[in-house]
Amino acid sequence: MSSDQMCPFRFLQITVANVLIHLQWDYTAVSCSVSGVSCRTGLAEDRYDTAGLETTFSLIISFSLLGESLTSVEPTTMLQDGGDGFSEAAFHLATQHKRPALSWALRIKQKLKTVTPYLGKYRPAVGQCCHQCTPESLGKKLRPTTPSLGFQNLLCVNETHTRYRGWLVRRVCCLLFVRGCKVYPSTATDRAERVCQSNRMQKALFSPETAPVGGVSWDPLTPYFPIINTCISLPLLRLVGWVMLKVFGSVFCSIQVNLNHMASLHRASQQGSSLVYLFVPQSILDYAIIPVVLFCHNLRVPYTLCPRQIHNTWLRWVLQKLAVILLPVGPITEQEAETDCLYSPVMTSLVGELLCEGQALSMCVSGESGHGGQWLARIRQAVRVEAVADVQLVPVGISYDCVPHVGTQVGTQAGLLSALRCVLSLLCSRRPRGCVRIHFAQPFSLKEMCNTGRCRVDGSRPLLELLLPTILHNKRSDSIFGQRSMTWVLPKCYVSELSQSERDISVALTLHLSYSTRGSMAVMSTSLVSCLLLHKHRKGVCLSVLCRDVAWLLEEVLFRNRDVGFGGSLVEVVYHSLSLLTPHLTIAAHPNNRSDPLICPRHTLYVTLSLSSHAQILTHTFIQEAVGACAVSAMLRGVAACGGDEVKSEQFRGELEFDVALCQDELTEKALQLTHLLPPGYIPPCQSSHGFALDAVDTLVRCGILVMEEVPRDTPICDFWKQQGSLSWSATDDPNHSDSDCEEGDARCFKLSQPSQCPEMLFFLCSLMAGYLRALCWVTDELLDDLQTPLPEAVCLGQIHAHLCDRAQREGGHYESCSEEMACMTVRTLTDLGVLVEEQKSGCVFLGVSQLFQQADSKQKLHSFVSQFLYD
């Protein structure tokens with residue numbers, strides 16, 4: 001920018017700054033580059049400013065482009081991406097005015113207004129314990145002495161974090177900060193001896209599989225000694241901590257940590273119980289972020305359970321000196337390692353000894369894949385045999401603006417070259433840097449959750465018993481009100497010595513922690529924009545409409561007590577998210593309004609899967625509303641099918657203006673059927689499926705989608721004198737007795753409300769579940785006929801995944817239904833329904849289509865049952 005152009009730009013910059021100071025707008029945290037000008041984006045602020053769209057949009061435009069020469073762009077011209085994120089040409093289009101450049105400052109002064117942030121100044125409290133399973137831990141809230149500590153950017157290290165001051169300190173402040181962090185020593189002097197002398201290890205060593213002829217030999221334990229002797233090297237930990245801060249500073253623009261949560265962890269660590277941190281795996285960086293955060297806040301660095309194979313000897317030694325517990329040399333996957341008769345006893349004894357030493361643990365947990373279930377069972381055994389008094393579990397929610405994609409994934413083998421290639425790919429990435437938000441949930445007692453019996457795990461039934469009578473015979477069965485059993489979360493090969501009751505508790509604990517961890521994750525700005533582009537504006541949207549919908553969706557998220565990982569003005573938040581999502585978007589000039597560009601997601605496999613991964617957290621946030629909306633859609637589909645010529649399908653897809661009364665019992669039953677089909681992690685196991693279905697219907701009433709149907713009566717309900725007979729009295733200990741004499745025995749009915757946004761909101765909620773339901777429909781529609789079974793489980797999964805990708809390619813869209821995760825969930829659901837039958841052959845699991853669903857009639861009924869919930 002030339003000097004003559006810089007002068008009016010600086011004038012406006014000073015003017016806008018004065019206006020913002022006068023209006024007390026808050027902008028903190030992350031700096032986003034806008035046409036060479038540092039524009040501060042409030043991604044860590046505790047407020048949500050949703051000022052007027054036109055004025056705030058004008059603020060960003062004038063801030064970035066005032067003083068530059070503007071060139072006309074044809075309405076049909078596609079805009080190219082800028083070098084540092086969101087295309088600058090998109091904002092050129094919004095400044096095609098004939099007024100002088102300085103008139104923007106006057107417009108800002110005249111039109112800029114502040115709006116009271118939603119829910120007040122502070123963010124909603126997240127990460128609280130379950131009120132049903134752990135009420136005692138919930139009552140012991142560890143509140144800090146300071147009312148509101150706010151957030152801290154872990155990467156912002158300056159001289160105030162050290163004991164020294166001066167110009168030299170400012171240049172080496174990160175080294176001094178790492179040097180001053182407190183490190184808890186962890187030696188493994190006699191740990192191997194204690195592990196070998198445990199009763200479990202003695203029993204395993206004297207078993208016929210391991211004991212050689214002539215006595216006991218220690219040779220079978222040789223591969224496990226390096227794992228048992230895993231410890232923490234203080235100098236190496238400080239060096240790697242400094243390196244990781246530098247690497248994270250190159251990958252992310254901020255790592256925001258809630259200081260209220262850190263104060264609670266400090267208090268919990270002083271109570272004597274070991275802390276176990278659990279997170280949902282998203283990236284390999286998850287395993288490094290939690291130890292670095294705890295290290296920088298003077299908390300005990302945990303032993304990280306990483307189910308990963310590292311072949312390089314030097315890299316294994318470094319990781320084992322950083323308290324990383326790896327797989328033994330040889331097996332590639334954790335499932336292969338579990339086949340060794342010594343692996344499970346060694347790991348169980350090692351976990352018990354680490355907890356006895358007072359060490360903290362960190363591991364991933366996932367209900368979909370079953371990750372972490374066996375480790376939770378081993379921790380549970382240590383508490384059950386009183387090796388330790390108790391353990392405090394801490395769910396950790398890690399949220400990324402954009403999940404970093406590395407070359408290798410968890411569970412695959414890696415060497416030194418692959419690790420260096422991973423680091424270089426992160427450092428050399430030219431994509432805009434995103435933010436990370438970390439929430440440490442409230443610690444709760446493992447003994448309280450498992451031993452008190454508050455977490456109910458009894459009465460579960462297989463999915464085929466719950467839904468098969470409804471699918472095949474279309475009749476109601478009392479079994480539908482049961483709970484779905486998910487025993488595959490903890491296979492018997494992992495911890496074979498557990499009883500069935502202990503196995504059920506471990507499964508329920510895994511599912512509950514997976515749900516709690518996802519509930520602690522913050523909703524990022526990229527998640528909001530991706531969800532709107534994927535589920536509401538798939539064909540494109542104007543920027544002003546997108547800003548309006550982001551404000552609406554933000555309020556809905558906060559209303560459900562879910563925190564978000566950003567703050568500041570609305571347009572800055574949208575601008576930041578669009579900068580990160582630029583590779584996935586196409587920007588074009590609007591034919592009618594060139595000042596409002598069109599934003600459209602690119603309809604490719606990679607883009608759709610990326611947007612779907614961002615928007616997945618919104619599905620967890622609105623899961624009750626989504627289930628209820630799909631149940632309403634299923635009932636309306638049935639009405640449209642039975643209406644003949646009176647109710648046309650076009651009318652059902654469009655205006656939904658016909659007056660239909662929906663019975664509460666039937667609507668709840670439809671929601672209950674869909675609830676049983678949900679993958680694990682969406683509802684806590686302590687809540688019954690029927691209770692979740694009832695809540696799903698109630699949420700639609702609170703959203704305004706459904707309204708109560710008023711039934712006209714000749715006689716008032718509360719006219720006691722006209723009722724039959726006199727008033728009858730019942731015993732007060734009758735469980736069916738109610739104090740209200742005005743109760744109505746008839747079932748309630750609902751109907752669709754008539755506001756203009758109701759159908760749009762209904763279709764948006766249905767779209768949140770469409771990816772998973774569409775994958776089930778595609779498999780049950782065609783693949784069951786062509787699937788030559790029995791096949792090995794991996795081969796069957798690969799064929800189903802290939803079929804989903806081919807079907808999406810043929811239909812030219814809906815790529816969110818053909819991810820590997822969708823294929824795995826589809827295989828698991830079909831297996832639980834009895835469509836696919838598992839068979840053990842030569843130590844391998846084979847899947848085959850059952851004889852019942854080889855019949856065309858059964859397959860058609862299954863496809864019709866699933867497709868009724870799908871709205872296209």
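**Salt bridges, a helix crossing and a surface patch**

In this predicted model, E357 and R191 bring their side chains together in a salt bridge, with 3.1 Å from N to O. The partners come from distant parts of the chain, 166 residues apart: E357 sits in the loop between α16 (343–356) and β11 (361–364), while R191 belongs to helix α8 (residues 191–196). Their surroundings don't match up. R191 has a relative accessible area of 0%, so it counts as buried, whereas E357, at 25%, falls in the partly exposed class because that class begins where buried, under 20%, ends. As a general point, side chains of opposite charge can pair when their charged atoms come close.

That pair is one of 25 salt bridges in the structure. Another joins D563 and R437, this time at 3.6 Å from N to O. Here too the link is between distant parts of the chain, with D563 in the loop between α23 (543–559) and β19 (568–569) and R437 in strand β14 (residues 434–440), 126 residues apart. As for burial, both D563 and R437 are tucked away as buried residues.

A third bridge worth a look is the one between the side chains of R807 and D781, at 3.8 Å from N to O. It ties helix α32 (residues 793–811), which holds R807, to helix α31 (residues 770–786), which holds D781; the two parts are 26 residues apart in sequence. R807 keeps a relative accessible area of 11% and is therefore buried, while D781, at 33%, is partly exposed. This bridge doesn't stand alone, either: through shared partners, salt bridges join D781, E782, D806, R807, R810 and E811 into one network.

Moving on to helix packing, the axes of helix α17 (residues 373–384) and helix α21 (residues 500–520) come within 9 Å of each other and cross at roughly 120°. An angle of that kind makes α17 oblique to α21, because roughly perpendicular stops at 115 degrees and roughly antiparallel needs over 145. As for handedness, the α17 and α21 crossing is right-handed.

Finally, the surface. W167, L168, V172 and L175 make up a nonpolar patch of about 410 Å². Of these residues, W167 is found in helix α6 (residues 167–171). With 57% relative accessibility, W167 counts as exposed, because the cut-off for that class is over 50%.

Conventions
Residues are numbered from 1 along each chain as its sequence is written. This is a predicted model: local features need pLDDT of at least 70, side-chain atom pairs count only at pLDDT 80 or more; totals for chains, interfaces and linings use all residues. Side-chain values use heavy atoms; hydrogens and water are left out. Patches are made of residues with over 30% relative accessible area and no salt bridge: like charges are joined within 9 Å, nonpolar side chains (Val, Leu, Ile, Met, Phe, Trp, Tyr) within 5 Å. Accessible areas come from the Shrake-Rupley method with a 1.4 Å probe; for residues, only the protein chains shown count as cover. A salt bridge is a side-chain nitrogen of Lys or Arg within 4 Å of a carboxyl oxygen of Asp or Glu. Helices (H or I, at least four residues) and strands (E, at least two) are DSSP runs, numbered from the N terminus. Buried means under 20% relative accessible area, exposed over 50%, partly exposed in between (1.4 Å probe, protein chains only). Axes are lines fitted to C-alpha atoms, for helices over the stretch in contact, and angles run from 0 to 180 degrees between N-to-C directions. Angles under 35 degrees count as roughly parallel, over 145 as roughly antiparallel, 65 to 115 as roughly perpendicular and the rest as oblique. A crossing is left-handed if the near helix is turned anticlockwise from the far one by less than a right angle, and right-handed if clockwise.
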